[in-house]
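User: Hi! Could you walk me through the packing and the sheet of this protein, with the cut-offs spelled out?

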Amino acid sequence: MAQLEHQLTQVMPLQGFPAVINLATHTLLLGSFPGEASLRAQQYYAFKQNQFWRLMSGVLAENLVDLTYQERLQSLLTHGIGLWDVFGACQRQGSLDSAIRQGQPNDFRALQLAYPQLRKLCFNGNTAGKMRTEFEQMAYTTLQLPSSSPAYAQMRFEDKLQHWKRILENPAN
């Protein structure tokens, strides 16, 4: 069975999640593509060792970790922050960004038309940030963040948090 799943992963692209966004969203946090734990749970940042929800708890000064997933998303939206990924589909084995193959970018032109108040894109890690220049040409303000992934262990949590707190800076800056 595992061999069959492995073969299917090679052929069939994995599908990401829809954007978590509403008409009040001014800032969008972008990952590259959901990891295996997130795909199984159908939740952004479901892998317990990923620091995303801890970082956002520090950014918003609100304990998101102990909330349900839906409450976490609602809290982000209440603060004008949404979630999405750079890729809407790809082929990948495992959860590492370096294993992403044939990544199909999400439709950011359509997003820009549907949500004109969205002004700032924050990239969670270098893979997500590879298209940063393209987004800046679309008149977005961008912010490159150190990855929340446990695979990025070169920086202490406290140091990551200092970078992540810049999410709240004026989206027009």
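Analyst: Happy to. Buried means under 20% relative accessible area, exposed over 50%, and partly exposed in between (1.4 Å probe, protein chains only). Helices (H or I, at least four residues) and strands (E, at least two) are DSSP runs, numbered from the N terminus. The model is predicted: local features need pLDDT of at least 70 and side-chain atom pairs pLDDT 80 or more, while totals for chains, interfaces and linings use all residues. Residues are numbered from 1 along each chain as its sequence is written, and side-chain values use heavy atoms, leaving out hydrogens and water.

User: Which residues of helix α4 are buried?

Analyst: Helix α4 covers residues 69-78. Contact means heavy atoms within 4.5 Å, and what covers the buried residues of α4 includes α3 and β3 (81-85). Those buried residues are Tyr69, Arg72, Leu73, Ser75, Leu76 and Leu77.

User: Which helix gives the most to the largest nonpolar core?

Analyst: A nonpolar core is a set of buried Ala, Val, Leu, Ile, Met, Phe, Trp, Tyr and Cys residues joined through side-chain atoms within 4.5 Å. The largest one has 45 residues, and Trp53, Met56, Leu83 and Ile167 touch the most other members. With six residues, the top contributor is helix α3 (residues 52-60).

User: Why is one side of β3 and of β7 left without a neighbour in the sheet?

Analyst: Two strands pair if DSSP finds at least two bridges between them. The open sheet has four strands in the order β3-β2-β6-β7, with parallel pairing. One side of β3 and of β7 (141-145) is free because each stands at an edge, with a single partner strand.

User: How many bridges join β6 and β7?

Analyst: β6 spans residues 120-124 and pairs with β7 in the parallel sense. Within this part of the sheet, leucine 121 stands opposite threonine 142 in β7. The bridges between β6 and β7 number five.

User: Is asparagine 124 buried or exposed?

Analyst: Asparagine 124 sits in strand β6. Its contacts, leaving aside neighbours within four places in sequence, include Leu30, Tyr45, Phe52 and Trp164. At 7% relative accessibility, asparagine 124 counts as buried.

User: How many disulfides are there?

Analyst: A disulfide is a pair of cysteine sulfur atoms within 2.5 Å. Cysteine 90 is buried at 0% relative accessible area, and cysteine 122 is buried at 1%. By the sulfur rule, the count of disulfides is zero.
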